[in-house]
Amino acid sequence: MNLKTTSLLLISLMLVGLQARPQTTTTTKQAIEQLQKDIPDLMQKADIPGMSIALIRNGKLVWTGSFGVMNADTRKPVTPQTVFEAASLSKCVFAYGVLKLVEQGKLNLDTPLTKYLGNNYNVPDPRINLITARHVLTHSSGFPNWREFDNSKILQIHFNPGEKWSYSGEGVVYLSKVVEKITGMPLEEFMQQTVLKPLGMNASSYTWSAKYDPIKAYRHDDFGKVTGRTEKVIGGLVAITEEANAAASLTTNAADYAKFIMAVLNGTGLKKSTLKLMLTPGIRVTKNYPALAWGLGVGLETMADGTWFWHWGDDGDAKAFYMASVSTKNAVVYFADGSNGLSIAREILADAVGGSHPSLDNLGYERYNAPSRLLLKSIIASGAAGPLGRYRNERKTDTTKKINEQDMNSVGYDLIRVKKLDDALAVFKQNTDDFPASWNAWDSYAEGYMDKGDKELAIKYYKKSLELNPQSENGKKMLDKLLNGKN
């Protein structure tokens, strides 16, 4: 079973990057030159086909860069006009719009949202009547990220609102329905009228526009292969609906999105008191990283060198990130059309703004030069035997080369994706050797043999996995399928 996630809070990365590093002292010219030098090399090493990036210094846009291609098959280049999927960076811009309603007296941050909506949003849990806009914007509503993660069509509330931080796209969508009810406008119309047009974000939209057809970047997988894009087509790679999604559907580019960041940095469009509220910690994210908090719609790093606001975006095979210093008004935002887009975030931030950023440690994305990533590329190039042998030797003298169970497991699944099944089995075998008490390592090993068509070994290793974890629903289901032919 593949348990790779985008938020690994208790891995060795907790210890990385905690030593304070100063904000950048480089000149704007030096920062631009360094980014121009480093980005193509980083993209090549991380298999990222294309990027759009913007650098802000002292609250002003000083440089934008377009790198690589928007489609690895057609080789059509990224240009200043190319737009990307903002993913969860959509949430921050929406939050700005919500705060405009607060200033207008149309929405109170602490009034239960059901009072505006007039119903319980089809949520039977009575705690729905406690959830406020403040809870939603600080990700403390109690909702899951998405309801399908609960394997339920009914939206669940997992804890009392305000009790703790737990990231939720569902909460943002819920708030957007309230905004539509209050304003009487569809979300896209509200956002265009309230935020995008006033800030001059003319390339941005929460819904599909025909103008995007020739200029929207495609998504690419771990190996830089085209996987599709969200677009308004019938029978296309990934189709979207007419309905905007406040949590995820913004299409934009770095230059346009920089206008939102500059508005927050420079106090444009919102009162000083509202911006202060937006950038004040409302709830702490995790005890593992005490400096991490959430304001109203944005992540916060409360560091010795001042407060930073930030957010990441993850649409699977498209990524985005920004980091902005409140004190210096320096910031960077970038959009990548590849799955590995966040693997180079540390390097981008180091060149652009400097500083220490525990947000990246908390997110836990695999680095472009991580041992697991390098092992995967070596196996694809030459097969598993040699690279795994060298790996076993190297880790004897260098513990930093040791790959944890989850990352090694992911290497196996990546190899299955590129149809290198025997190599994947060798990797899964290595994982069971290294972590013999892990039910999941044996589960993955069994799955590999099931994919290979070796029923006998698949049954053997699913049984081994279930001995270690009798509660594994996946293991029980797969074993039953193998033994009894059930789906």
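User: Before we look at anything, when do two strands count as a pair here?

Analyst: Two strands pair if DSSP finds at least two bridges between them. Helices (H or I, at least four residues) and strands (E, at least two) are DSSP runs, numbered from the N terminus. This is a predicted model, where local features need pLDDT of at least 70 and side-chain atom pairs count only at pLDDT 80 or more, while totals for chains, interfaces and linings use all residues. Residues are numbered from 1 along each chain as its sequence is written, and side-chain values use heavy atoms, with hydrogens and water left out.

User: OK, which residue stands opposite leucine 292?

Analyst: That's glutamate 301 in β12. Strands β11 (residues 292-294) and β12 (residues 299-303) pair in the antiparallel sense, over three bridges. Their hairpin has four residues between the strands, and glycine 297 takes a positive phi near 95° there.

User: How does β13 join in, and what faces leucine 300?

Analyst: β12 pairs with β13 in the antiparallel sense too, over five bridges, and that hairpin has two residues between its strands. Leucine 300 has phenylalanine 309 of β13 opposite. Next, β13 (residues 306-314) pairs with β14 over seven bridges, again antiparallel, with histidine 311 standing opposite tyrosine 322. The β13-β14 hairpin has four residues between the strands, and glycine 316 in the turn has a positive phi of about 80°.

User: How do I read the side chains along β14, and are they buried or exposed?

Analyst: The general idea: in a regular strand the side chains alternate between the two faces of the sheet. In β14, Lys319, Phe321, Met323 and Ser325 point one way, whereas Ala320, Tyr322 and Ala324 point the other, and all are buried. Buried means under 20% relative accessible area, exposed over 50%, and partly exposed in between (1.4 Å probe, protein chains only). Put per strand, seven of the seven residues in β14 (residues 319-325) are buried. β14 is also joined to β15 (residues 331-336) by six bridges, antiparallel, and alanine 320 stands opposite phenylalanine 335.

User: Now the rings. How many aromatic pairs are there, and what makes a pair?

Analyst: A pair of aromatic rings is described by the distance of the centres and the angle of the planes. Rings of Phe, Tyr and Trp (its six-membered ring) pair if their centres lie within 6.5 Å; planes under 30 degrees apart count as stacked, over 60 as edge-to-face and the rest as tilted. By that rule there are 23 aromatic pairs. Take tyrosine 96 and phenylalanine 260: they are edge-to-face, 6.0 Å centre to centre with 85° between the planes. This pair links distant parts of the chain, 164 residues apart, with tyrosine 96 in helix α2 (residues 89-103) and phenylalanine 260 in helix α7 (residues 254-266). Both rings' residues are buried.

User: Which residues cluster with those two?

Analyst: One aromatic cluster is formed by Phe84, Tyr96, Tyr257, Phe260, Phe309, Tyr322 and Phe335. You've met Phe309 opposite leucine 300, and Tyr322 opposite histidine 311.

User: What does methionine 278 touch?

Analyst: Contact means heavy atoms within 4.5 Å. Leaving aside neighbours within four places in sequence, methionine 278 is in contact with Cys92, Leu99, Phe260, Val264, Gly295, Leu296 and Val298. Methionine 278 lies in helix α8 (residues 272-278), and it counts as buried because its relative accessible area is 0%.
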